[in-house]
Amino acid sequence: MSPTLQGHIDQSELAMLLKRKDETAMEYLYNNYSQALYGIILRIVTDEKVAEEVTQDAFIKIWDKIDAYDATKGRLFTWMLNLSRNLAIDKLRSKEIKRVQKTDELSNSVYDVERQNLIHQDIDGIGVKKFLDKLRDEERLIVELIYFKGYTQSEVSKEKDIPLGTVKTRLRMALINLRKELGVG
């Protein structure tokens with residue numbers, strides 16, 4: 001390690017060394033900034049392995065693109081942060097991540113089916129079913145889909161071919177009627 005890289009290095013000096021392709025400057029950069037950049041990337045991608053991969057890509061890009069850094073436009077760290085954040089966002093938008101998310105959604109669907117069966121059993125066990133039976137059919141359908149089967153209002157709208165506003169109105173009316181039946185407010 002060169003003597004100038006021991007201790008604290010000013011960012012402008014560090015940028016100058018990086019532009020000269022000084023490998024010890026890159027080592028210093030990695031040792032002093034990788035955790036900060038990793039933290040920022042992890043907040044965006046939320047997966048530790050993906051964050052590690054994007055962090056590595058960020059340092060490679062910093063090394064390759066350091067000549068594009070202009071100290072008059074901002075600090076070195078800000079430039080690296082923007083570069084890392086953009087890489088993380090690009091990674092999130094990539095086909096690879098979308099494919100993994102779809103696979104995860106399938107896994108969750110299997111879990112949801114198991115959970116739905118469990119919830120269905122619980123509904124009967126706690127006596128809610130008798131209150132649901134007092135709702136109009138269209139209100140009961142909305143409540144069952146949203147609260148007991150995990151659908152969103154938009155999914156109910158799409159699945160049952162009902163306008164979203166109608167789904168919201170029926171849900172609101174169902175909750176008002178349930179409150180009346182339960183003697184709550």
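Among contacts in the protein chain between residues at least 6 apart in sequence, what share joins residues at least 24 apart? In this predicted model, the figure comes to 53%. The chain doing this is built from helices: nine of them, with zero strands, so the pattern along the sequence simply reads α-α-α-α-α-α-α-α-α. Of its 185 residues, 32% count as buried. The accessible surface is about 12,300 Å², and carbon and sulfur atoms own 50% of that.

Now for the rings. The structure has three aromatic pairs. Take Tyr30 and Phe59: their ring centres are 4.9 Å apart and the planes sit at 65°, which is past the 60 degrees needed, so this pair is edge-to-face. Tyr30 belongs to helix H2 (residues 23-45) and Phe59 to helix H3 (residues 48-65), so the pair links distant parts of the chain, 29 residues apart. The two partners are covered to unlike degrees: Tyr30 is partly exposed at 44% relative accessibility, whereas Phe59 is buried at 4%.

Another of the pairs is Tyr69 with Trp79. Here the centres are 5.6 Å apart and the planes meet at 55°, so the pair counts as tilted. Tyr69 lies in the loop between H3 and helix H4 (76-93), while Trp79 is in helix H4 itself, so the pair ties together parts 10 residues apart in sequence. Both rings' residues fall under the 20% cut-off for buried: Tyr69 has a relative accessible area of 6%, and Trp79 comes in at 18%.

One more ring deserves a look. The charged end of Lys21 sits over the ring of Trp63, 4.8 Å from the ring's centre.

Key:
Residues numbered from 1 in each chain as written. Predicted model: local features only at pLDDT ≥ 70, side-chain atom pairs only at ≥ 80, totals over all residues. Heavy atoms only, no water. Helix = DSSP H or I, 4+ residues; strand = E, 2+ residues; numbered from the N terminus. Buried < 20%, exposed > 50% of the residue type's maximum accessible area, 1.4 Å probe, protein only. Contact = heavy atoms within 4.5 Å. Areas by Shrake-Rupley, 256 points an atom, 1.4 Å probe, with all protein chains shown as cover. Phe/Tyr/Trp six-rings, centres within 6.5 Å; stacked < 30°, edge-to-face > 60°. Lys NZ or Arg CZ within 6 Å of the ring centre and 35° of its normal.
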